[in-house]
Amino acid sequence: MNIKVPESTTIYLTLQQLLKMKKKLLLSLFVASAFSYIAKAQDTVKTTADAPLVLYGSVDTYYKDDFSGHANIPTSFASDNNSVSIGMVDLGLKKSVGNASFVGELSFGPRNDESVPTSGYHIQNLYVSYNLTSKLNATAGYMSTFIGYEVISPTGNFNYSTSYLFTNGPFQNGGFKLTYTFSDKVSLMAGIFNDEWNVYTSEHDVSTFGAQLTVTPVKNWTAYLNVASGPTSGTILDLTTAYQITTAFKLGLNAATFTPAHYGFGPVTYGYSGVAIYPQIAVSKAVTLGLREEYFATKSSGSSLAGPLPGGNVLGSTLSANIKSGPLTFIPEIRYDNINSKTYTIFTDSDNAPTTSAVQFVLAAVYAF
């Protein structure tokens with residue numbers, strides 16, 4: 001009996017084979033790098049003064065009020081409504097001696113609990129790095145993702161609330177990566193990562209391939225072209241860029257599209273595309289105003305973790321101010337999100353009836369050290 005294999009299956013198997021080849025190549029590079037380091041250890045180790053251990057981190061608190069009287073907008077963090085609430089305590093340690101370095105970062109609080117795989121886990125970053133040459137660096141461990149514009153720590157974001165692109169994308173990736181710096185304008189990272197995002201250990205294997213091309217075309221302008229793809233995690237293509245056009249004006253952009261795995265074991269079964277722009281202008285040394293304007297669309301199959309129902313789209317407009325006093329930043333913020341139709345809406349009004357829009361006000365305080 002002749003069994004005909006569908007063409008789509010053949011294409012999928014070919015992609016799987018390519019991913020396996022990439023994984024084996026990167027593993028081979030890792031082993032070769034390790035042996036090279038051991039062989040040269042006696043020649044490269046020098047007696048140097050011990051570098052200081054650096055402590056850094058932040059604490060944050062906020063008040064949020066949704067105009068409907070209950071929480072509506074489902075993006076990450078700041079989920080309590082009509083309440084003075086806490087974000088998290090974030091504590092990081094890092095140290096570099098010679099070519100070797102490490103980073104360890106722990107956090108505690110509700111903001112942490114929304115970003116870790118299981119309640120009670122507190123590790124945000126835990127990885128080691130080694131400069132194999134002046135241009136080639138190797139890093140292994142659990143690290144903040146290279147995908148996207150926004151991050152978990154509130155000190156890394158201008159707005160206090162987060163975007164739909166951030167909420168639906170990866171937060172962290174566990175794995176191994178190599179970064180080669182061609183010049184001060186171009187570098188390339190390639191790595192292999194666990195089969196699922198935001199987890200300390202893989203579910204089945206280390207099968208996600210990731211890469212980042214970093215380009216700095218002119219001073220104060222950097223662009224990152226990112227890809228992560230695996231048979232379980234799915235495929236995400238991402239562009240992140242920021243340009244400090246003048247001393248007062250900065251413009252950022254994030255665009256991404258995600259397609260779930262054809263076959264997979266993980267919980268991610270949705271797809272989405274979106275784009276967000278981030279213009280910011282400093283009106284004084286202490287005050288900067290910023291807007292996040294985001295368009296986010298869910299694909300017609302599956303469902304999103306946070307966003308309109310499948311086939312819908314949402315336009316989110318967030319106006320924030322950063323008012324600084326030393327290490328303390330106050331962030332007053334107003335946000336208006338509008339979904340294109342009640343057919344796809346997830347918002348409800350004060351009577352719990354479906355509505356296409358949601359408005360919320362946030363006042364946050366973030367202390368960085």
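A residue counts as buried when its relative accessible area is under 20%, and by that rule both Tyr62 and Tyr160 are buried. Keep this pair in mind, since the tour returns to it after a look at the whole chain.

**The whole chain**

Begin with everything displayed, remembering that this is a predicted model. The chain holds three helices and 18 strands, and of its 369 residues 41% are buried. Its accessible surface comes to about 18700 Å², with 63% of that area belonging to carbon and sulfur atoms. If you draw the contacts between residues at least 6 apart in sequence, 56% of them join residues at least 24 apart.

Next, colour the chain by confidence: the mean pLDDT is 87, and 82% of the residues reach 70 or more. Select residues 1–15, where the pLDDT is below 50 and where the model shows four contacts beyond near neighbours in sequence. Then select residues 34–47, another stretch whose pLDDT stays under 50, with three contacts beyond four places in sequence.

**Strands β1, β2 and β3**

Select residues 54–66, which form strand β1, together with residues 83–97, which form strand β2; the two run antiparallel and are joined by ten bridges. Within this pairing, look for Tyr63, which stands opposite Val84 in β2. Now add strand β3, residues 100–108, which pairs with β2 in the antiparallel sense over nine bridges, and find Ser96 facing Ser101 of β3. Between β2 and β3 the hairpin has two residues, and there Gly98 takes a positive phi near 65°.

Stay with β3 and pick out Gly104, whose place is in this strand. Is Gly104 buried or exposed? Its relative accessibility is 16%, and because that value lies under 20%, Gly104 counts as buried. Leaving aside neighbours within four places in sequence, Gly104 is in contact with Leu91, Gly92, Leu93, Asn125 and Leu126. A C-alpha to C-alpha line drawn from Gly104 to Ile123 spans 7.8 Å, although these residues are 19 apart in sequence.

**Strand β6 and its two partners**

Move on to strand β6, residues 172–181, where seven of the ten residues are buried, so the strand is largely enclosed by the rest of the structure. One partner is strand β5, residues 136–144, which runs antiparallel to β6 and is joined to it by nine bridges; here Leu136 stands opposite Tyr180. The other pairing to display is with β7, again antiparallel, over seven bridges, in which Gly175 has Phe193 as its bridge partner. Four residues lie between β6 and β7 in the hairpin that they form.

**The nonpolar cores**

Which residues have the most contacts inside the largest nonpolar core? They are Ile236 and Tyr272, in a core that has 22 residues. To see where its members come from, select α3 (164–168), β7 (186–193), β11 (249–259) and β12 (272–282), the elements that each give two or more residues; β12 gives the most, with three. Centre the view on Ile236 and show what surrounds it: beyond four places in sequence, its contacts include Ile147, Pro170, Trp197, Phe258 and Tyr272. A second, separate core has seven residues, among them Tyr62, Ile331, Ala364 and Val366.

**Aromatic pairs**

For the last stop, display the rings of the aromatic residues, which make 13 pairs in this model. Tyr62 and Tyr160 have ring centres 5.6 Å apart and planes at 40°, so this pair is tilted. Because Tyr62 lies in strand β1 and Tyr160 in the loop between β5 and α3, the pair ties together parts that are 98 residues apart in sequence.

Turn then to Tyr149 and Tyr278, a stacked pair with 4.1 Å from centre to centre and 10° between the planes. Tyr149 is in the loop between β5 and α3 while Tyr278 is in strand β12, so the pair ties together parts 129 residues apart in sequence; both Tyr149 and Tyr278 are buried.

Finish by selecting Tyr164, Trp197, Phe258, Tyr272 and Phe296, which ring pairs link into a cluster. Tyr272 has already appeared on this tour, as one of the residues with the most contacts inside the largest nonpolar core.

Conventions
Residues are numbered from 1 along each chain as its sequence is written. This is a predicted model: local features need pLDDT of at least 70, side-chain atom pairs count only at pLDDT 80 or more; totals for chains, interfaces and linings use all residues. Side-chain values use heavy atoms; hydrogens and water are left out. Buried means under 20% relative accessible area, exposed over 50%, partly exposed in between (1.4 Å probe, protein chains only). Contact means heavy atoms within 4.5 Å. Accessible areas come from the Shrake-Rupley method with a 1.4 Å probe; for residues, only the protein chains shown count as cover. pLDDT is the predictor's confidence in each residue, from 0 to 100. A nonpolar core is a set of buried Ala, Val, Leu, Ile, Met, Phe, Trp, Tyr and Cys residues joined through side-chain atoms within 4.5 Å. Two strands pair if DSSP finds at least two bridges between them. Rings of Phe, Tyr and Trp (its six-membered ring) pair if their centres lie within 6.5 Å; planes under 30 degrees apart count as stacked, over 60 as edge-to-face and the rest as tilted.
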